[in-house]
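Good morning. I have one structure to go through today, and I will take it from the whole chain down to single residues. Please have a look at it first.

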Amino acid sequence: MTVLVESRADITLEAARRVAWDGEGVQLGARALAAMRQGRHRLERILEHDPEITIYGVTTGVGHYARKKLSPEEREQWANISLARIATSWGDPLPERVVRAIVLARLTNFVEGHAAVSPDIAQGVAAMLAGDRLPAVPLQGQGGAGEILSLSHLFSGLATRMQPAAKDVLCLINGSPSATGLVTDAALVADRRLDLAARVFALSFEAFNAPLGHLDVALDDYWNNPHDGWALRRLRELVGGGHGGKRRPYQAPVSYRILPRMLGQARRAQTMASEVAAESLQAVTDNPVWTDTIDEDHPFGRFVSTGGYHNPHAVLAMDALTAAYANLCVLAERQGAKLLDGGVSLLPDQLNSPEVGRDTRRAYMGYLPMAQTGYEEEARLYAQVTLLPGSESGGFGQNDVASPVFFAWSKQDRAGRCLDMALASLLPIALCALDVTDRPVPPQLTGLEAAVREIEPELARQEAFGPLVASIAETLHRDIYPNTQV
């Protein structure tokens, strides 16, 4: 399968999922190629009309050399500026799926002619998605004013092979496709992670035998929040009618009663990330960018310098996900501890007694909430607001503010993995609570149970829960990241 792109309207969140996660290629359609040829022609006509015009990176130097007016001979030299010299960052590489999303997002500036890129350069970018593994883009060291460091790693080889003309190299490394690819990945991952979290928490809800009234349908309207409504409906669907027997006669602890609202908060964050990703995938962020301001002095339009290469909305959305993941880690730890405390859960006390190891039906699980606390606290460390860097980026010239988008993605990624571990720790506690009381797993959750039982059929006989939880987390990751490298 191939994603056909005729205009930036074709670069959607679903298209990004197909390209980044399913490995589909991209074909630039006839309409897009015609628009790019026209855009390139406009640039040439503008330069012919006014040889003394100032266009950043075309008739001037770049960055610290923006004040330098270039002669015709110097323009040719600057057109072939080496990206290898710019690619100075290094460190752990981004996952391949994220890099593919960035390459797709790079095409947005091109396909309607706004960047005036040479069409063969654009086709070279699209062709990268049909080949073998893409160039490695380091996650660390991305402190530049914009995204030129990350994009230089990605497009250095292409620029060397393609013999770019004026502005082409700048078209490859300016704008904010990295931010777009990062927030797109965060949104896609969050959608699957939250559905998984809802299933694990629903199992915990049933294991605790919490009153079904905590999920009452009337709350959908009372709380007046579509995201909370989603959480209530999903939990009701997953728990169903429960085991059909007598339930807890009074309210469950706060960690169970606020569960729909905290899942609702996470859903709001995921929705915001999806909205920002969808907007960003179709946003023109090139610098300088062509505008259709046509007058007597500018009969072919103008190129204006912009700050489109900063995407603070992506940062805000990913920070919201990080905070939501950290909060859900807290709930997972609290619920695990409450399930094991017979005085609170009203479940058999042996779930919380070291002597249970002598009973073949009962395993001591009291150390699991300690591990959950570790995941919870680590996630809380990541859940700090991502601000513009306080020091001057590069330390000189115009580049006085760095983009923090890579930091925001890294934090939500790590916090999300902490949540996966906290959920993986809650699963065996909840299943054992159902086992010792001879209650069934709700039908909607039997698939989740089967995945755990396949790893360890006899949870009550388990002696080392650390390796078990690690294996469960691996299984959960395959559910969150299908067909991709984690």
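I will begin with the overall figures, then turn to one helix, the salt bridges, the backbone and the cysteines.

First, where this comes from. This is a predicted model, in which local features need pLDDT of at least 70 and side-chain atom pairs count only at pLDDT 80 or more, while totals for chains, interfaces and linings use all residues. Residues are numbered from 1 along each chain as its sequence is written, and side-chain values use heavy atoms, with hydrogens and water left out.

Now the chain as a whole. There are 18 helices and four strands. Both are DSSP runs numbered from the N terminus: helices are H or I with at least four residues, strands are E with at least two. The C-alpha trace spans about 85 × 40 × 40 Å along its principal axes.

How many of the 486 residues count as buried, as a percentage? The figure is 56%. Buried means under 20% relative accessible area, exposed means over 50%, and partly exposed is in between, with a 1.4 Å probe and protein chains only. The exposed surface of the chain comes to about 20600 Å², and carbon and sulfur atoms supply 51% of that. Those areas come from the Shrake-Rupley method with a 1.4 Å probe; for residues, only the protein chains shown count as cover.

A contact means heavy atoms within 4.5 Å. Taking contacts between residues at least 6 apart in sequence, 77% join residues at least 24 apart.

One helix serves as an example of packing. Helix α5 covers residues 119–127, and its buried residues are Pro-119, Ile-121, Ala-122, Gly-124, Val-125 and Ala-126. What do these buried residues of α5 pack against? They pack against strand β2 (25–28) and against helices α2 (30–49), α4 (96–106), α6 and α7.

Next, charges. The chain carries 46 positive and 57 negative side chains, and the centres of the two sets lie 3 Å apart. Lys and Arg count as positive, Asp and Glu as negative, and His and the chain ends are not counted. Each charge is placed at NZ of Lys, CZ of Arg, CG of Asp or CD of Glu.

Side chains of opposite charge can pair when their charged atoms come close. A salt bridge here is a side-chain nitrogen of Lys or Arg within 4 Å of a carboxyl oxygen of Asp or Glu. The structure holds 25 of them, and I will show three pairs and a network.

The first pair is Arg-267 with Asp-191, with the closest N and O atoms 3.5 Å apart. Arg-267 sits in helix α12 (residues 259–281) and Asp-191 in helix α8 (residues 177–208), so many positions lie between them: the two are 76 residues apart. Arg-267 is partly exposed at 21%, and Asp-191 is partly exposed at 37%.The second pair is Asp-228 with Arg-261, at 2.8 Å from N to O. Asp-228 is in helix α10 (residues 226–239) and Arg-261 is in helix α12, 33 residues apart. Are the two partners buried or partly exposed? Asp-228 is buried at 4%, whereas Arg-261 is partly exposed at 37%.

In the third pair, the closest N and O atoms of Asp-435 and Arg-453 are 2.8 Å apart. Asp-435 lies in helix α16 (residues 405–436) and Arg-453 in helix α17 (residues 446–455), so the bridge ties together parts that are 18 residues apart in sequence. Asp-435 is partly exposed at 29%, and Arg-453 is buried at 18%.

The network links Asp-195, Arg-199, Arg-234, Glu-237 and Asp-479 by salt bridges.

Now the backbone. The peptide bond from Asn-287 to Pro-288 is cis, with omega near -5°. Pro-288 is in the loop between α12 and β3 (289–291).

Two residues other than glycine have a positive phi. For Lys-167 the value is near 75°, and for Asn-224 it is near 55°. Lys-167 is in the loop between α6 (148–162) and α7 (168–173), and it is buried at 3%. Asn-224 is in the loop between α9 (218–222) and α10, and it is exposed at 68%.

Last, the cysteines. A disulfide is a covalent bond between the sulfur atoms of two cysteines. The cut-off used here is a pair of cysteine sulfur atoms within 2.5 Å, and the structure holds zero disulfides. Cys-171 is buried, with a relative accessible area of 0%, and Cys-432 is buried at 4%.

That is the end of my part.
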